[in-house]
Amino acid sequence: MPQRNVVSWTAMISAYSKRGYAAEATDLFLQMLRSEEEPNEFTFATILTSCTGSWGFDLGRQIHSLIIKTKYGSHIFVGSSLLDMYAKAGRMLEARRVFDSLPERDVVSCTAIISGYAQQGLDEEALELFRQLQREGMTSNYVTYVSVLTALSGLAALDVGRQVHNHVLRREVPSFVVLQNSLIDMYSKCGKLSYSRRVFNTMPERTVISWNAMLVGYSKHGMGNEVVKLFKLMKEENKIRPDSVTFLAVLSGCSHGGMEDRGLGFFYEMGKGKNGIEPELEHYGCVVDLLGRSGRVEEAIEFIKKMPSEPTAAIWGSLLGACRVHSNVKIGEFVGFQLLDIEPENAGNYVILSNLFASAGRWEDVRTVRELMTEKAVIKEPGRSWIELDQVLHTFHASDRSHPRREEVFAKVREISAKIKEAGYSPEMGCVLYDVDDEQKEKILLGHSEKMAMAFGIIATREGASVRVIKNLRICVDCHNFAKLVSLIYGREVSLRDKNRFHHMVGGICSCGDYW
């Protein structure tokens, strides 16, 4: 071109940016700066979408400085692109600062900040901001609702999730597949698989993500038979081809459902290329988990030795967990120290290995592991449980003293403990890491966050109502036994979602079959 103006520069930068050519887009933008042509608000909004990754983010911050100098920061397009850039880089403080400084906001900027919080796992912040913006009259689109549903899935906030679903229906938001997939995921993670299946069954069209969301839901709930039936239906319909995630969900469902032989069958089918999907390292990991969960720990070790790739920390971690559950100290010790070498910063590995040694009464080894944690400055993620009542989340930490009804909650935990002891409850002292007397161990166990959340649920709900608790870590054996007996003695359905799966307790029996 003999002559270029801001429109032609911006159009070319936009073309590169939309097709994912970030390096070319940024290089052209730098050429523009060296020319005599000044970028405008559309140029800035466009180039910021290419500022991804560590290098791109550094350039994005420099562009932000230029935007401030040229006074384009008040433009809604530029502000939205800026906060989106910061949010995608995980810099939510900077993103919020940009958002708060916008003189006006539109659905794009509001959705970008909510999505940023949700993607970073800051679910409570995402929900609180959504509520605030709703009060201020924000108009939401389907992308906004997808972002909010992501946050609600993390919080397992069922009542709010239903309310958002009602919003979607009342406002006749177009039923895009991505929105329906988010509803399936939200209801599944809130423990309402029947609602998930209802959404799934009424979808006019489904993608592989729709099928995978439903399969993963059944898998996390330990419903191995439902996983297999749905996978069979998927193959019979023959409209959507399964992908690698589909097989991960199926293998995981067989593992959580105690169907190890069926799971092995699916895996070896993959190995023969019958489904056009080659097993990846994650699929091998599922088989290790499947064998380990069923107590076939020696087979799992042999399987690892024959794998085409080196096992990851996740694979060793699932086997260590199996050794803890099945009290295989010999293999667990070997696996545990393999893990400490691979990822010395992961506190969970030290905790499980300590639990394994503690259950065998090897207190000297427990002390050694704890000293290693101290030496490497490893900090264990604190246990946290929460329960939703009347659209309010009540959070409890181990031996929590912060809740306004703490004394009432502690008294209820002690009362429940005394009552279920009459039905045969005996505290699992091996779940306590410390080498202290049994009385002190029992006191520590009674302070576990999920027990306090359950006790609060019994206090704060009507007699016979179900109690739904969410835990950020894996539930311990003692709390699992405690919850089962609560469901029996108090006639309550107890739903407990931990880091790995759902546990539905009715009449003293758990849906996991004591297999998790």
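Mentor: Let's start with a cut-off: a residue is called buried when its relative accessible area is under 20%, and exposed when that figure is over 50%. Please keep in mind that this is a predicted model.

Trainee: Thanks! Is Thr144 buried or exposed?
Mentor: First find Thr144 in helix H9. Its relative accessibility is 0%, and the limit for burial is under 20%, so Thr144 counts as buried.

Trainee: Which side chains make polar contacts with the side chain of Thr144?
Mentor: There are two to look at here. The side chain of Thr144 meets that of Thr111 at 2.6 Å. At 2.9 Å, the other polar contact of Thr144 goes to the side chain of Asn141. The names you want are therefore Thr111 and Asn141.

Trainee: And which residues does Thr144 touch, if I skip those up to four places away in sequence?
Mentor: Thr111, already named as a polar partner, is on this list too. Leaving out residues up to four places away, Thr144 touches Val107, Thr111, Ile114, Phe130 and Met138.

Trainee: Let's move to the sheet. In what order do the six strands lie?
Mentor: The sheet is open and its pairing is mixed. At its edges are strand E2 (392-397) and strand E6 (509-510), each pairing on one side only. Reading across, the order is E2-E1-E3-E4-E5-E6.

Trainee: E3 has a neighbour on each side in that order. In which sense do E3 and E4 pair?
Mentor: Compare the two sides of E3. E1 and E3 are joined by two bridges and run antiparallel, with Ser385 bridged to Lys471 in E3. E3 and E4 are linked by four bridges, one of which pairs Val467 with Val494. The sense of E3 with E4 is parallel.

Trainee: Which residues of E3 point the other way from Val467, Val469 and Lys471?
Mentor: In a regular strand, side chains alternate between the two faces of the sheet. E3 is mostly covered, with five of its five residues buried. Val467, Val469 and Lys471 point one way, and the other way point Arg468 and Ile470.

Trainee: A buried arginine catches my eye. What is the relative accessibility of Arg468?
Mentor: Arg468 sits in strand E3, residues 467-471. It falls below the 20% limit for burial, because its relative accessibility is 18%.

Trainee: Which side chain makes a polar contact with the side chain of Arg468?
Mentor: Its surroundings give some context: leaving aside neighbours within four places, Arg468 is in contact with residues including Cys190, Trp386, Glu388 and Ser495. A polar atom of the Arg468 side chain lies 3.2 Å from the backbone oxygen of Cys190. The side-chain partner, at 3.3 Å, is Glu388.

Trainee: Further along the sheet, which residue lies in the turn between E5 and E6 and has a positive phi?
Mentor: Take the two hairpins in turn. E4 and E5 have four residues between them, and they run antiparallel over four bridges, with Val494 bridged to Met505 in E5. E5 and E6 are antiparallel too, joined by two bridges, with Val506 partnered by Ile509. Their hairpin has two residues between the strands, and the turn residue with a phi of about 60° is Gly507.

Trainee: How many residues of strand E5 are buried?
Mentor: Strand E5 covers residues 502-506 and is mostly covered. Of its five residues, the number buried is four.

Trainee: Now the second largest pocket, with a volume of about 670 Å³. Which element gives the largest share of its lining?
Mentor: Among its 31 lining residues, the closest to the centre are Asp123, Gly154, Leu155, Lys189 and Arg497. H8, H9, H11, H13, E1 and E3 each supply at least two lining residues. With six residues, the largest share comes from H13.

Trainee: How many charged residues are in that lining?
Mentor: Sort the lining by class. Nine residues are nonpolar and nine are polar, while the charged ones number 13.

Trainee: One last stop: is Pro204 buried or exposed?
Mentor: Pro204 is in the loop between helix H12 (193-201) and H13. Its C-alpha atom is 9.0 Å from that of Ser175, a residue 29 places away along the chain. Its relative accessibility is 70%, and the limit is over 50%, so Pro204 counts as exposed.

Methods
Residues are numbered from 1 along each chain as its sequence is written. This is a predicted model: local features need pLDDT of at least 70, side-chain atom pairs count only at pLDDT 80 or more; totals for chains, interfaces and linings use all residues. Side-chain values use heavy atoms; hydrogens and water are left out. Buried means under 20% relative accessible area, exposed over 50%, partly exposed in between (1.4 Å probe, protein chains only). A polar contact is a pair of N or O atoms within 3.5 Å; within protein, one must be able to donate a hydrogen and the other to accept it, and residues adjacent in sequence count only if both atoms are side-chain atoms. Contact means heavy atoms within 4.5 Å. On a 1 Å grid over the protein atoms alone, a cavity is a set of points where a 1.4 Å probe fits but cannot get out, and a pocket is an open set with protein on both sides within 12 Å along at least five of seven lines; lining residues have an atom within 4 Å of a point. Grid points are joined across faces, edges and corners, and a volume is the space filled by probe spheres set on the points. Ala, Val, Leu, Ile, Met, Phe, Trp, Tyr, Cys and Pro count as nonpolar, Asp, Glu, Lys and Arg as charged, and the others, Gly among them, as polar. Two strands pair if DSSP finds at least two bridges between them.
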